[in-house]
Amino acid sequence: MEITEKETSQQEQPLAELDLEKLSLKELKALRTQLDRAIATYEDRRKREAREELEETARALGFTLAELVGAPVLRKRSNAPPKYANPANSGDTWSGRGRRPRWFEEALARGQSADELKI
């Protein structure tokens, strides 16, 4: 993969032709930041490119990539309707899924039952 002029800080030379001795400390640090970012994302970029290529090939053959590799198609969980409401503020509701909200915990600590908080 070739690093373009845009990716080499404000320089107009390709990275291989940069004279690092002539760069200021600020320019060197900016270049290092860009290089660190490029290194950190290299594998992710390569995986994305490979996935796109495979998806294109699968589409050309009339399949989806998920069909070919046997991966289940993930469905997004729908929003659950609220089951509980805060007696102090009816706008605060909870579906019963996930972490209990603070107001629910406080109500239980005060001796209220979950059934009393049901909508």
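## The nonpolar core

In this predicted model, the largest nonpolar core consists of 6 residues: Tyr84, Trp94, Trp103, Phe104, Ala107 and Leu117. Helix H3, which spans residues 102-109, is the biggest contributor, giving 3 residues to this core.

Tyr84 is a good place to start looking around. Setting aside neighbours within four places in sequence, Tyr84 is in contact with several fellow core residues, namely Trp94, Trp103, Phe104 and Leu117. The contacts of Tyr84 also include Asp92, Thr93, Gly96, Ala114, Lys118 and Ile119.

## Aromatic rings

Now for the rings. Across the whole structure, a search turns up 4 aromatic pairs. One of them joins Trp103 and Phe104: the ring centres are 5.9 Å apart and the planes stand at 75 degrees, an angle over 60, so this pair is edge-to-face. Both Trp103 and Phe104 are buried.

The picture widens from a pair to a group, as Tyr84, Trp94, Trp103 and Phe104 form one aromatic cluster. These four residues also belong to the largest nonpolar core, together with Ala107 and Leu117.

## Salt bridges

Let's turn to the charged side chains. Side chains of opposite charge can pair when their charged atoms come close. In the whole structure, 4 salt bridges are found.

One of the salt bridges lies within a helix. The side chains of Glu43 and Lys47 meet with an N to O distance of 3.3 Å. Both residues sit in helix H1 (residues 25-60), and their spacing of 4 residues is about one turn of the helix. Lys47 has a relative accessibility of 46%, between the 20% and 50% limits, so Lys47 counts as partly exposed.

## Two further bridges

Arg100 and Glu105 form another salt bridge, in which the closest N and O atoms are 3.7 Å apart. Each partner is partly exposed: Glu105 has a relative accessible area of 37%, and Arg100 is at 42%.

What does Lys118 form with Asp115? The two are joined by a salt bridge, with the closest N and O atoms 4.0 Å apart. Lys118, at 47% relative accessibility, is partly exposed. For Asp115 the value is 59%, which is over 50%, so Asp115 counts as exposed. Lys118 also brings us back to where we began, being among the residues in contact with Tyr84.

How values were computed:
Residues are numbered from 1 along each chain as its sequence is written. This is a predicted model: local features need pLDDT of at least 70, side-chain atom pairs count only at pLDDT 80 or more; totals for chains, interfaces and linings use all residues. Side-chain values use heavy atoms; hydrogens and water are left out. Rings of Phe, Tyr and Trp (its six-membered ring) pair if their centres lie within 6.5 Å; planes under 30 degrees apart count as stacked, over 60 as edge-to-face and the rest as tilted. Buried means under 20% relative accessible area, exposed over 50%, partly exposed in between (1.4 Å probe, protein chains only). A nonpolar core is a set of buried Ala, Val, Leu, Ile, Met, Phe, Trp, Tyr and Cys residues joined through side-chain atoms within 4.5 Å. Helices (H or I, at least four residues) and strands (E, at least two) are DSSP runs, numbered from the N terminus. Contact means heavy atoms within 4.5 Å.
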